[in-house]
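Thanks for coming, everyone. I will keep this short. Please have a look at the structure first.

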Amino acid sequence: GEESIILSFGKTYKISETITEIDGSVRFIFIVDTQVFGTKTITISQASGIYAKDYFKIIPQIISVSPTEGVVGTEVTVRGAGYLGEVRVDFGKTEGIVKVISIQEGVFEARFVVDTQYAGIKVITGRAIIEGELIQDTDKFKILPLIYKVEPTEGVVGTEVEVRGSGFGKEAELVVDFGRTKDITISRTTQAGEFIIRFVVDTQPYGETIITASAEVTETDVFKILPQIISVRPTVVYVGDKVYVTGSGYRDSAQVKVDFGVTEKITEVVSDIRGVFECVFVVDTQPQGRTIITASTQEVVDTDSVIIQGKIISVTPTVCYVGEKVLLKATGYSKEAEVTVDFGETLGVTKVVSTEEGVVTCEFIVDTQPAGATQVFVREYKTILDDVPKEVSDEEYFEIVGQIISVKPTEGRVGDKIELRGAGFKKEATVKISLGITEEITCVKTDEKGTFLARFIIDTQIMGYTIITADDSYRPDTDMIYILPKI
C-alpha cells in the first residue's frame, strides 16, 4: 500500500517527501541546497527505517558577479557557494585581490575594486583548499576603457590639457582626437593599459569639444573651449588711434559685438568657422585711463583693455607773435578734471576743467618769450592712483616769431630820434635794424625774453613810407615809418 517516503540530503533532513507508487517504486526531484563542498549522502527512509542511500558531490560555484562589466575603480561583488573555509579571489593578473571566510553553509561574498588592468574580459577565480585539495570556480568581468582625468576641464585656445585613461589595450598605439582635429597627439599605452598625454588646445569654436582616445578600444570625454580676446594692439592709445582686436573660442560664424568703454557696439564682426574674429576700430572721445574692450555674443563674453592717454590734438595758430591768442584742444584726459596748461617758460598760463568725455578746450595769450619752437604742455594730476600713471600729460610745440611791437613816433624827419620795440625774437641775440635804403642803421641785443629796445636817428631817406626791418637771423619782421620833408 501507499507509504510516506522521506529523502534526506547531507545535513538537510527531509529535503523532499513522497509516497510509493503502486509497484512500490519512488521518484524524487530536489534542488541541491546550500551546503559546504564535499560528498553528501542521499538517504531514502520510511517509518520502518532506511530504505536506500547514495552519494552526491557538491562542487564549488561562483553564483553571481555584479556588475559584470565596468571601468577601473568599479566595486565588484562576487558570491559563491559550495566552498569551505578561506576563499581567495583572483582577478585577471592580480592574485588574491581579496580573501574571505565562507560561512557554515559554504557560502561567501567578496567585494573588491577593479585594479588597473588593460581592456577586455578578465577571469574571476574563487579558490579554496580543503583537506589538501584545491577547489575553484571561475566567472568573467569585462574591463571597459575610461578617461578618468581631463585637467583642466575648460579653457581658452592655447591651454595645455592633461588627459589620463585606463582600461585601454596593452602597449597599444594610442590616438587622441580633439573636436575637429584628428590625431592631435599619438602615444602608446602601458602594459596595464594606462596612458597620460598632454596637448595644447588648438583653434576651434566655443563649447564642449569631444576628446576621443582610441587604443584597441575607444572612450570619450569633453573639454569646454572658452572665448578669449587674444590680442589687442596697441595697448596704450590716444583718441583717434586705430585699435586691432583678435579673439578666438567664439561660436562658428557668430555675430560678435565689440563695445569700448562707454561706447556700445563700436564695431561688429562675424567670426570664421574656427571661432576666430578680427576687427579694427578708432578710439573715440573718452576719458583717460584703462578702458575696457568687450567682445560678446548672445552666449559668451570676454574682455581686455587699453589705456587711453591724454593728447593735444590741435594748437591754432601754429606760428604766432607775442600777444596773440592761441586756441588749444586736447582729448584723453580724466572726466571733469582740472587741467593745467604750461607754455614755454610760463607755468600755468591757464587752467581749465575737462568735459565729461575728457576733452580739454582753452585759449591763452602768448606772453613775452623768445623766438623759436615753444612747448605747450597740458597736464593733469590724478588724486587716486591706479594702474595708469599719476600724471596725465602731453606736449606740443608751436613757433613764436619776432615782431616789431611799436615804432615811436610813427612819422618824422631826417635827424629825428626813433624808438623801436620788439618781442618774440631770439633770446640774447643781436638784432640788426635796417631803415629804408640803410641796411644797418643800428644793432641791439635782445634780453632773455627775446625783447629789445632800439633807438636811432633817421638818416637821409626819401619822403614817404619807409620800411623798418628787425632781423635776428631767425625770422625778420618789418614795420613802417612815414618820413616827412625837411628844409
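I will go through salt bridges, one sheet, a surface patch and the cysteines. Keep in mind that this is a predicted model.

Let's start with charge. How many salt bridges does a search of the whole structure find? The count is 21. I will pick out a few.

Take R88 and D90. These two form a salt bridge. Their closest N and O atoms are 2.9 Å apart. Now look at how each one sits. R88 is partly exposed, because its relative accessibility is 26%. D90 is buried, because its relative accessible area is 5% and the cut-off for buried is under 20%.

Next, R111 and E109. Their side chains meet in a salt bridge, with 2.9 Å from N to O. R111 has a relative accessible area of 46%, so R111 counts as partly exposed. E109 has 36% relative accessibility, so E109 is partly exposed too.

Now a pair that reaches across the sequence. The side chains of R475 and E399 meet in a salt bridge at 3.4 Å, N to O. Where do the two residues sit? R475 is in the loop between strand 43 and strand 44, and strand 44 covers 477–484. E399 is in strand 36, residues 391–400. The two are 76 residues apart, so the pair links distant parts of the chain. Is E399 buried or exposed? E399 is buried, at 16% relative accessible area. R475 is partly exposed, at 37%.

Salt bridges can also join up. K149, E151, E162, R164 and R198 are linked in a network of them.

On to the sheet. Strands of a sheet pair through backbone hydrogen bonds, either parallel or antiparallel. Here, three strands form an open sheet, in the order 5-7-10. The pairing is antiparallel. Which strands are at the edges? They are strand 5, at 61–66, and strand 10, at 108–113. Each of these pairs on one side only. Neighbouring strands in this sheet are turned by 20° against each other on average, ignoring direction.

Let's zoom in on one pairing. Strand 5 and strand 7 run antiparallel, and five bridges join them. Strand 7 is residues 75–81. For one example, find S66. The bridge partner of S66 in strand 7 is T77.

Now the surface. Y465, I467 and M480 form a nonpolar patch there. Together they have about 330 Å² of accessible area. Y465 is found in strand 43, residues 464–471. Y465 counts as exposed because its relative accessible area is 63%, and exposed means over 50%.

Last topic: cysteines. A disulfide is a covalent bond between the sulfur atoms of two cysteines. How many disulfides are there here? The count is zero. Why is C320 not in one? The closest cysteine sulfur to the sulfur of C320 belongs to C362, and the gap is 13 Å, too far for a bond. The cut-off is 2.5 Å, so 13 Å does not qualify. Seen from the other end, C362 is in no disulfide, and its nearest cysteine sulfur is that of C320. Both cysteines are covered by the same term: C320 is buried, at 1% relative accessible area, and C362 is buried, at 7% relative accessibility.

That's my tour. Thank you.

Note on methods: Residues numbered from 1 in each chain as written. Predicted model: local features only at pLDDT ≥ 70, side-chain atom pairs only at ≥ 80, totals over all residues. Heavy atoms only, no water. Patch = residues over 30% accessible without salt bridge, like charges linked within 9 Å, V, L, I, M, F, W, Y side chains within 5 Å. Areas by Shrake-Rupley, 256 points an atom, 1.4 Å probe, with all protein chains shown as cover. Salt bridge = Lys/Arg side-chain N within 4 Å of Asp/Glu carboxyl O. Helix = DSSP H or I, 4+ residues; strand = E, 2+ residues; numbered from the N terminus. Buried < 20%, exposed > 50% of the residue type's maximum accessible area, 1.4 Å probe, protein only. Pairing = 2+ DSSP bridges. Axes fitted to C-alpha atoms, helices over the stretch in contact; angles between N-to-C directions.
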